[in-house]
Amino acid sequence: MKPLILSKTENTIMLSLALVLAAVSVVCEVLLFTEQTVMPIDTALAAIVGLALVCFQFLFAALAPKFWQARQRTIAGVMYLITAVLFAISLSATAGFFESRFQENQQTQLHNSNDYKLKMSVVDDLEKQEKTLTDSANAAKEKGNAWYAGQLLMKASEASENRRAVIGQLSNETTPNTDATTALVSVIGAGRWALWIVLAALVDLCPLVAFSCYAVRQTPVKTGITDDQTPNQTPQKTPSVKPNAEQKNQTDEAKHNETGRPTLEEIKQAIKGMESGEIGVRASMRHAETTNYQRTKQALEELTKEGFLTEENNKYYLTK
């Protein structure tokens with residue numbers, strides 16, 4: 001039984017992609033905190049707060065499993081709770097970023113469409129026509145031609161009404177489907193917020209999962225030799241045992257019981273009392289005060305099967 005270990009290439013790819021998405025999440029949250037600020041000092045403080053919060057989100061996601069594994073459940077629970085709150089804030093920031101950029105893109109495409117430009121030209125012409133007619137009416141009125149001035153004012157009023165009608169048409173103008181995003185959103189309509197939330201969740205969840213997996217040792221599963229092994233890393237060989245070794249071990253066990261030397265069970269208990277971290281056969285022999293290499297190795301293997309130890313690259317680790 002060996003723990004599942006990712007190769008260096010797999011770790012590098014996973015962490016690189018996680019850092020890219022984490023950077024996107026950082027930018028979105030900083031924009032959320034800074035878009036409503038005016039003063040430079042307010043913008044700087046808001047940017048620092050947004051950056052710190054999203055960084056704490058990924059940091060706690062990596063540390064909480066370690067505290068949980070170390071049986072410090074209260075600290076781990078607090079970290080998980082804070083991570084959930086920070087995740088909700090980051091999720092809303094990323095989803096809001098997608099929506100704001102979509103709206104901006106919609107306005108740009110709308111203003112660049114030929115129909116919109118034509119109607120804007122009509123609005124400008126009607127405004128100029130209204131102004132010209134009004135000025136002409138005022139000039140005619142000053143010359144004493146009140147009837148002609150009234151006719152001009154009626155035409156100016158008609159131009160103003162036409163102008164307002166065209167402006168009303170502009171407000172109802174729809175964006176042409178000139179790209180994939182616009183075409184997709186035109187299908188789902190107002191439900192695009194569900195799409196933004198799903199995308200935002202993926203942006204934040206992928207680095208959270210990646211950092212958590214990298215920070216915590218995996219549950220041991222059956223696997224072959226890992227890619228991390230190099231030609232210089234040769235597995236430790238277990239001393240060869242002769243056919244009558246089992247009978248000899250039983251005899252040695254009886255002798256040890258008679259002479260007061262530690263038994264297999266006593267060696268296992270001594271190993272359980274060692275400090276957490278990497279331990280070896282020699283260190284276990286010193287701690288158990290025994291000179292029997294084979295019995296110590298057997299104790300380590302049995303403790304691994306019982307779940308008290310994990311084995312990684314032929315090294316044993318004791319986790320409390």
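## A walk through the helices

Start by selecting Q57, which touches T83, L86, F87, S90, D204 and L208 once residues up to four places away in sequence are set aside. Keep in mind as you look around that this is a predicted model. Q57 sits in helix α2, and with a relative accessible area of 0% it counts as buried, because anything under 20% does.

**Zoom out for a moment.** Show the whole chain as a cartoon and you should find 11 helices and 5 strands. Of the 320 residues, 32% count as buried. If you count contacts with a separation of 6 or more, 70% of them are between residues 24 or more positions apart.

**Next, select 40–69 and 73–112.** These are helix α2 and helix α3, and they pack with their axes 8 Å apart at an angle of about 150°. That angle is over 145°, so α2 runs roughly antiparallel to α3. Turn the view to see the crossing, which is left-handed. To light up the contact, show side chains on both helices. From α2, pick L53, V54, F56, Q57, F60, A61, L63, A64, P65, F67 and W68. From α3, add R73, I75, A76, M79, Y80, I82, T83, L86, F87 and S90. Many of these numbers are spaced in a way you may recognise: an α-helix has 3.6 residues a turn, so residues three or four places apart point the same way.

**Now centre on S90.** You have already met S90 as one of the residues touched by Q57; S90 belongs to helix α3. Is S90 buried or exposed? Its relative accessibility is 0%, so S90 is buried. Look for the polar contact between the side chains of S90 and S25, at 2.7 Å. Beyond its neighbours within four places in sequence, S90 is in contact with S25, E29, V54, Q57 and D204.

**Follow S25 into helix α1.** Select residues 8–34 to show this helix. Its 27 residues should span 39 Å at 1.5 Å a residue, and the C-alpha atoms at its ends are 38 Å apart, so the two values agree. Colour its buried residues: N11, L15, A18, A22, S25, V26, C28, E29, V30 and T34. What covers them includes α2, α3 and α7 (192–215), so switch those helices on too.

**Stay in α1 and pick C28.** C28 is part of this helix and, at a relative accessible area of 2%, it is buried. Which residues is C28 in contact with, leaving aside its neighbours within four places in sequence? They are A93, T94 and F97. Try a distance label as well: the C-alpha atoms of C28 and L51 are separated by 9.7 Å, with their positions 23 residues apart along the chain.

**Last stop: helix α11.** Select residues 293–306. At 1.5 Å a residue, these 14 residues should span 20 Å, and the end C-alpha atoms are indeed 20 Å apart. At the start of α11, find N292, where a side-chain oxygen comes to within 3.2 Å of the backbone nitrogen of Q294. Along α11, colour the buried residues R295, T296, K297, A299, L300, L303 and T304. Finish just past the helix at G307, where phi is positive, near 95°.

Definitions and conventions
Residues numbered from 1 in each chain as written. Predicted model: local features only at pLDDT ≥ 70, side-chain atom pairs only at ≥ 80, totals over all residues. Heavy atoms only, no water. Helix = DSSP H or I, 4+ residues; strand = E, 2+ residues; numbered from the N terminus. Expected span 1.5 Å × (residues − 1). Buried < 20%, exposed > 50% of the residue type's maximum accessible area, 1.4 Å probe, protein only. Polar contact = N/O pair within 3.5 Å; in protein donor to acceptor, adjacent residues only side chain to side chain. Axes fitted to C-alpha atoms, helices over the stretch in contact; angles between N-to-C directions. Parallel < 35°, antiparallel > 145°, perpendicular 65-115°, else oblique. Left-handed = near helix turned anticlockwise from the far one by under 90°. Contact = heavy atoms within 4.5 Å.
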